[in-house]
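Visitor: Hi, could you walk me through this one? I'd like to start with the empty space inside.
Guide: Happy to. Let's bring it up.

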Amino acid sequence: MQIIDSHFHWYPRNHFEKLADREGFPRTERIGEGYRYWFNGGRSFIPLSSIWFDLDPALVNACAVGHDVVVVATSGVLAGLLDQLPLTESIPMASEYNEILSKTERAKPGRFFGTATIPLGDTDEAIDLLDEAIKVQGLHGVNLPAMSNGELMDAVRLEPFYARVEELGVPLIIHPTDLVFDDVLAGYETGLQRSLGRLLDSSVTVLRLIFSGVMERHPDLKVIHTHAGGLLPYQAGRLDKNARIADLPGLPSEYLKRTWVDTVAPQELTVRVATEFYGADHVLYGTDYPCWSPRDAFDVVDSVPLRGSDRQRILFDNAADLLGIRSLIAKPLGD
């Protein structure tokens with residue numbers, strides 16, 4: 001069976017080498033074959049071992065579940081990294097980063113697909129980079145952070161950016177960062193931040209797109225919310241009861257159900273609830289590699305009682321159509 005892993009992390013090593021040459025923050029620090037990524041003015045760091053940068057072993061590992069797996073690389077928790085840089089650095093670095101993903105896709109035809117990282121500090125520059133990434137470099141989605149240099153994603157000036165994403169027909173991929181709520185969720189060896197804070201981060205970002213009317217004004221905007229929709233599907237009733245937003249004609253849950261979510265949640269109950277709430281046609285298979293074992297990720301989805309057609313949608317069809325890659329995917333290995 002052929003599967004699309006829509007939530008897969010791989011980073012170009014030379015991008016991190018450039019960040020290691022910076023004196024200020026954000027920057028990286030070489031640790032053996034990996035790096036520490038320092039951010040928040042040097043107050044916080046994320047350790048990234050060599051597994052994040054070695055693509056060939058990662059592709060082999062992806063198929064270790066016993067199926068032929070195609071991967072879609074997303075920027076994950078580092079989505080807002082470039083927004084912390086001055087525009088004079090972030091724009092060329094983003095263009096180069098996206099081009100590396102494009103070249104990697106061409107080097108792994110039909111097996112590896114890339115998505116764009118776009119600094120949002122200047123709206124016009126962001127739109128130009130977006131056009132380059134999608135129309136020239138051929139990437140298949142846009143990673144959206146929770147904030148851009150302290151500014152949240154419902155900023156009025158970003159409206160033309162969302163309009164252009166809608167026009168291009170590619171999805172926005174909303175993944176948690178570590179740029180918000182860090183004081184409240186500090187301590188306990190990052191247990192609060194990584195287990196709960198990141199879900200709160202992405203959930204608030206999705207709600208801001210809904211409450212601000214961005215999704216109402218752009219009905220064809222495609223939004224992917226990672227980690228099975230974060231905290232949102234479980235509180236949809238409360239949102240509808242309490243969050244009556246002026247000038248928003250629909251209930252919050254109506255907009256939530258227009259988004260797509262992935263299966264990155266290590267519990268059968270979570271994936272089952274997400275599938276029931278959003279519908280099997282709005283759920284994408286994902287592993288969060290290398291943060292989670294592909295074997296465990298597949299086993300969780302496999303444990304959810306699904307009809308054969310729904311299983312096919314979640315494991316392959318939804319991502320193939322949403323990302324526009326169906327015709328580009330290589331024939332199954334062994335054919």
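Visitor: Which residues line the largest cavity?
Guide: Keep in mind that this is a predicted model. The lining of the largest cavity consists of Tyr11, His15, Phe16, Ser75, Leu78, Leu81, Leu82, Tyr97 and Thr117.

Visitor: How much space lies in there?
Guide: About 70 Å³. Its lining has 6 nonpolar residues and 3 polar ones, with no charged residue.

Visitor: How many cavities of 30 Å³ or more does the structure hold?
Guide: There are 3 of them. The second largest has about 50 Å³ of space, and Ser6, Val72, Ile173, Ile224, Thr226, Asp262, Leu284 and Leu323 line it.

Visitor: And how does that second lining divide up?
Guide: Into 5 nonpolar, 2 polar and 1 charged.

Visitor: OK, pockets now. How much space is in the largest one?
Guide: The largest pocket holds about 610 Å³. Its lining counts 26 residues, and those nearest the centre are Arg194, Arg198, His227, Asp288 and Cys291.

Visitor: Which helix or strand gives the most to that lining?
Guide: Helix H6, with 4 residues. H6 spans 191-211, and strand S4, at 44-48, also supplies at least two residues.

Visitor: What's the chemical mix of the pocket lining?
Guide: You get 15 nonpolar residues, 8 polar and 3 charged.

Visitor: Back to Leu78 from the cavity. What is it in contact with, leaving aside its neighbours within four places in sequence?
Guide: Leucine 78 is in contact with Tyr11, Phe16, Tyr37, Ile46 and Leu48. Leu78 also belongs to the largest nonpolar core, which has 92 residues. Along with Leu48, Ile118, Leu144, Phe161 and Tyr162, Leu78 touches the most other members. Apart from that core lies another, of 15 residues, including Ile4, Val72, Trp260 and Ala319.

Visitor: Val72 came up before, didn't it?
Guide: Yes, Val72 is one of the residues lining the second largest cavity.

Visitor: Phe161 and Tyr162 sit in a helix, I think. Which residues of H5 are buried?
Guide: Helix H5 covers residues 159-168, and its buried residues are Glu159, Phe161, Tyr162, Arg164, Val165 and Glu166.

Visitor: What covers them?
Guide: The cover includes helix H4 (123-136), strands S8 (142-144) and S11 (172-174), helix H7 (214-217), and H6. That is the H6 you met in the pocket lining.

Visitor: Last one: which residue follows H5?
Guide: Glycine 169, with a positive phi near 80 degrees.

How values were computed:
Residues are numbered from 1 along each chain as its sequence is written. This is a predicted model: local features need pLDDT of at least 70, side-chain atom pairs count only at pLDDT 80 or more; totals for chains, interfaces and linings use all residues. Side-chain values use heavy atoms; hydrogens and water are left out. On a 1 Å grid over the protein atoms alone, a cavity is a set of points where a 1.4 Å probe fits but cannot get out, and a pocket is an open set with protein on both sides within 12 Å along at least five of seven lines; lining residues have an atom within 4 Å of a point. Grid points are joined across faces, edges and corners, and a volume is the space filled by probe spheres set on the points. Ala, Val, Leu, Ile, Met, Phe, Trp, Tyr, Cys and Pro count as nonpolar, Asp, Glu, Lys and Arg as charged, and the others, Gly among them, as polar. Buried means under 20% relative accessible area, exposed over 50%, partly exposed in between (1.4 Å probe, protein chains only). Contact means heavy atoms within 4.5 Å. A nonpolar core is a set of buried Ala, Val, Leu, Ile, Met, Phe, Trp, Tyr and Cys residues joined through side-chain atoms within 4.5 Å.
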